[in-house]
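Reader: I'd like a close look at one part of this model, and I'm after the helix packing. Could you walk me through who touches whom, and put it in the context of the whole chain?

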Amino acid sequence: MGTQYVVLNSFKATKDLLEKESAITSNRPHFTMCCDLVGWGNSTGFLQYGDTYRKHRKFFHQQIGTKSSIEVFYPAQETEARQFLRNVLKNADDLIGHTHKMTGSVILKISHGYTVKEDRDPLVEMANNVANNLSMIATPGRFLVDIFPILRYLPEWFPGGGFHKDARRWRKMLNEAADTPYRFVLGHLAKGDAEPSFISRVLQDGVTPEEEEILKLASFSMYFGMN
């Protein structure tokens, strides 16, 4: 009913279990609230090892995993680097903000072929809101349902079940933040003017409906790898 913990109190035990037997003992932490109720479980950073995780890695390797595959994005990186320098010259006091904007702009250009607007870009604000929410809901021990996963079946109207309402709101935020840039790419593909991106290149190679959903979450995860 609860979460089981195994404490390894010697180097030998740790090495024997987590290195020598890593094929069956190593995995990512699983948070019921974050992964199951909100929906982060199928994003790259929270995926458990298995077929879906291997498909994520396959897409990444094919599109950005080799020197030849990443070279197509060099012009976009150079453009954003020049914009970064212009922003620093204009306001050197906000170096951290300029750096964060440049890295986010490069990632969104590579992942979705999207050019970030100079001031208050809607996609960046949407993604940053989700990122801030993620840092809260993925905190170990923050929610009782992470310690006792069976509580996920508690009705919302029952005392203590109010976390379901929060989870629905946060899931909606996540879905909107992942769907919006993905629809941006689909729209430009339909018009025939999509810029080269992680998503557009995979879609042009052809994917199944299941792989398309995996692709959407894999591309969205790239932004949070930067964060």
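Author: Let's settle one term before we start: contact here means heavy atoms within 4.5 Å. Also keep in mind that this is a predicted model.

With that cut-off, here's the pairing to look at. On the α8 side, Leu123, Met126, Asn129, Val130, Asn133, Met136 and Ile137 meet Trp170, Met173, Leu174, Glu176, Ala177, Thr180 and Pro181 of α10. Helix α8 covers residues 122-137 and helix α10 covers residues 163-191; their axes sit 10 Å apart, at an angle of about 145 degrees. The crossing of α8 over α10 is left-handed.

Now zoom in on one residue of that contact, Thr180, which belongs to helix α10. Is Thr180 buried or partly exposed? Its relative accessibility is 22%, so Thr180 counts as partly exposed. Leaving aside residues up to four places away in sequence, Thr180 touches Leu123 and Met126. Take Met126: 54 residues separate it from Thr180 along the chain, yet there are 9.4 Å between the two C-alpha atoms.

Helix α10 has another partner worth a look, α11. Here the axes come within 10 Å and cross at roughly 55 degrees, which makes α10 oblique to α11. This crossing is right-handed. From α10, the residues involved are Tyr182, Val185, Leu186 and Leu189, and they meet Ile199, Ser200, Leu203 and Gln204 of α11. Helix α11 itself runs over residues 198-205, with Phe198, Ile199, Ser200, Val202 and Leu203 buried. Right after α11 comes Gly206, with a positive phi of about 95 degrees.

For a second packed pair, go back along the chain to α6 and α7. Helix α6 (residues 74-90) has 17 residues and spans 25 Å from its first C-alpha to its last, close to the 24 Å expected at 1.5 Å a residue. Which residues of α6 are buried? They're Ala76, Glu80, Gln83, Phe84 and Asn87. Looking down the axis of α6, you'd find these buried residues within an arc of 110 degrees, so they line one face of the helix. Turned away from that buried side is a face carrying the exposed residues Leu85 and Leu89. As for what covers the buried residues of α6, that includes α7 (95-112).

How do α6 and α7 pack? The angle is about 160 degrees, and the axes are 10 Å apart. The two helices are therefore roughly antiparallel to each other, and their crossing is right-handed. On the α6 side, the contact is made by Ala76, Gln77, Glu80, Ala81, Phe84, Asn87 and Val88. Facing them in α7 are Leu95, His98, Thr99, Lys101, Met102, Ser105, Val106, Lys109 and Ile110.

Finally, the whole chain. Its secondary structure comes to 12 helices and 0 strands. There are 227 residues, of which 37% count as buried. The C-alpha atoms fill a box of roughly 55 × 45 × 45 Å along the principal axes. If you take contacts between residues at least 6 apart in sequence, 59% of them join residues at least 24 apart. The Thr180 and Met126 pair, 54 residues apart along the chain, is a handy example to pull up in your viewer.

Conventions: Residues are numbered from 1 along each chain as its sequence is written. This is a predicted model: local features need pLDDT of at least 70, side-chain atom pairs count only at pLDDT 80 or more; totals for chains, interfaces and linings use all residues. Side-chain values use heavy atoms; hydrogens and water are left out. Helices (H or I, at least four residues) and strands (E, at least two) are DSSP runs, numbered from the N terminus. The expected span of a helix is 1.5 Å times one less than its number of residues. Buried means under 20% relative accessible area, exposed over 50%, partly exposed in between (1.4 Å probe, protein chains only). The arc is that of the directions from the helix axis to the C-beta atoms. Axes are lines fitted to C-alpha atoms, for helices over the stretch in contact, and angles run from 0 to 180 degrees between N-to-C directions. Angles under 35 degrees count as roughly parallel, over 145 as roughly antiparallel, 65 to 115 as roughly perpendicular and the rest as oblique. A crossing is left-handed if the near helix is turned anticlockwise from the far one by less than a right angle, and right-handed if clockwise.
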